[in-house]
Amino acid sequence: MSLENKTISEKTAELTKLVEWFDGEDFSLEAALDKYKEAEKLATDIEKDLKSLKNDIQIVKQKFDAEN
Amino acid sequence: MEKSPSPLIFSVSDFIAVVNQTFEYAFSTIQIEGEVASFKVNQGKFVFFDLKDSEGSINCFMTVWQMRAPIEDGMKVIVSAMPKLTQWGKFSLTIKAIRPSGEGAIKKSFEVLKTKLETEGLFAPERKRLLPKIPQRIAVISSVQAAGYADFIKILNDRWGGVEVNVAHVQVQGEGAPDQIIRAINYFNQQELLPEVLVIIRGGGSADDLSTFNDEPLVRAIAGSRIPTLVGVGHEVDTTLADLVADVRAATPSNAAQILVPDKNEIIHLVRYQLGSLLPKILQLIEQKRQAISDMANQIINNIEVTIDNQFRTVTSLKSVLAQLNPNAVLARGYAIIRGVQAIGETIEVETSKDIIKAEVKNVVRK
């Protein structure tokens, strides 16, 4: 799945996983730069997504003042 | 002389019907406030009581299903009713709706119903369902003209986005409000694709305004909702039975929005913090590696120095032993070296630390 198609939750989970990698046993300095760039891209995307999302508010047409 | 028309003669039942027609025309629905007396329920269905004040009393009739809140003798109530003359000629009020009136009666009714529903386990913590962490689709029941609704939407939009919000506009106070809210609850519960959360909100108001949310059928409808419920009614100090029966209770409509969705600004802050914590982490690890390499180099240098010291001590020791073995050192202590055949008449050479002496052997005695 490309980054564009992922939800904010998925991107946040991915970022958390990346951050955990830096604290984990698999950490290597050689891979750290690529991982950091990946994390930076995710963080930018999450921030952009959060700022652009709008709620879709619809008033139900049904009337509730009497039995239908 | 003109003949006067003959007076209209009614049968008894026709007259009763005409009186009732007149009542219906004049007082289709009237609201009367009074005190309940001689309250009784017959056959578990029919409710009879007197509505009185200091100077008068009227018989009242209704069914138990019309009672939205517990009623007791001595309680002050407001009834919506239609006057009626029964076929036995007795005047009574047929009650359409009844609600406690005044702070004391509202409180009393609230406590009686609260105890009843509590005994049934409707407020039990084990009944409470969790709300989704970040809902995608929610249903809101409120009056869209109310300040509480505006607060809720503002906080919701400030905190989060991308949520599909369907709003049922209902009356949130007054006689018809509980039934409207119940219909809205049923409407959302019958949707093919159920909302993830059902939010019921209204802002602050008087005890009478908020009494809508102490209506027994409404409280039971909230309890029976297939959709997890979040109720935020009134101010922080107000507690209604709808609050108590909800899966999650919010102190106010604004608080309901805070409970419902996370704050995107907090998440942005957290994401920035997480990212910001990575670079120092990398630098710290580089520093750790550098320190480890430096420690290893120091260890190697140290090992070399120790080896050299050991070698130096060995050489010094050997030099000392060699010095002990030097013949000059022995001669210096007073000994002499004799060279030549040690036999009588032979010439030998005697070397001391200072001289080399030629001498003739005069005698040899074996030890």
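Trainee: What makes strand 1 of chain A and strand 7 of chain B a pair?

Mentor: Good place to start, and keep in mind that this is a predicted model. Pairing asks for at least two bridges between the strands. Strand 1 (residues 56-59) of chain A is joined to strand 7 of chain B by four bridges, and the two run parallel, so the definition is met.

Trainee: Which residue is the bridge partner of A:Ile59 in strand 7 of chain B?

Mentor: That is B:Val167.

Trainee: How do you know which strands stand at the edges of the sheet?

Mentor: Follow the order of the open sheet: 1(A)-7(B)-6(B)-8(B)-9(B)-10(B), six strands with parallel pairing. Strand 1 of chain A and strand 10 (248-250) of chain B each have a single partner strand, so one side of each lacks a neighbour in the sheet. From one strand to the next, the twist averages 20°.

Trainee: And what makes strand 10 of chain B a partner of strand 9 of chain B?

Mentor: Three bridges join these parallel strands, and because the requirement is at least two, they pair. Within strand 10 of chain B, B:Arg249 is the bridge partner of B:Val231.

Trainee: Which strands does helix 4 of chain B touch as it packs on the sheet?

Mentor: Helix 4 of chain B touches strand 6 (137-142), strand 7 and strand 8 (197-202) of chain B, and its direction makes about 165° with that of strand 6 of chain B. Helix 8 (residues 253-260) of chain B also packs on the sheet, touching strand 6, strand 8, strand 9 and strand 10 of chain B.

Trainee: Which residues touch the most other members of the largest nonpolar core?

Mentor: Among them are B:Ile141, B:Ile181 and B:Ile185, in a core of 47 residues. Helix 4 of chain B gives the largest share of this core, six residues. Setting aside neighbours within four places in sequence, the contacts of B:Ile141 include B:Ala168, B:Ile181 and B:Ile185.

Trainee: Why is B:Ile222 called buried?

Mentor: A residue earns that word if 20 or more other C-beta atoms lie within 10 Å of its own. B:Ile222 is listed among the buried residues of helix 6 (residues 216-223) of chain B, so it passes that cut-off. The cover over the buried residues of helix 6 includes helix 2 (102-119) and helix 4 of chain B.

Trainee: Back to the two chains: how many residues are in contact?

Mentor: On chain B there are 33, touching 24 residues of chain A. Helix 9 of chain B gives the most to the chain B side, with 13 residues. By class, that side has 19 nonpolar, eight polar and six charged residues.

Methods:
Residues numbered from 1 in each chain as written. Chains lettered and ligands numbered in written order. Predicted model: local features only at pLDDT ≥ 70, side-chain atom pairs only at ≥ 80, totals over all residues. Contact = placed C-beta atoms within 7 Å. Nonpolar A, V, L, I, M, F, W, Y, C, P; charged D, E, K, R; others polar. Buried ≥ 20, exposed ≤ 12 C-beta atoms within 10 Å, placed from the backbone. Axes fitted to C-alpha atoms, helices over the stretch in contact; angles between N-to-C directions. Core = buried A, V, L, I, M, F, W, Y, C linked by C-beta atoms within 7 Å.
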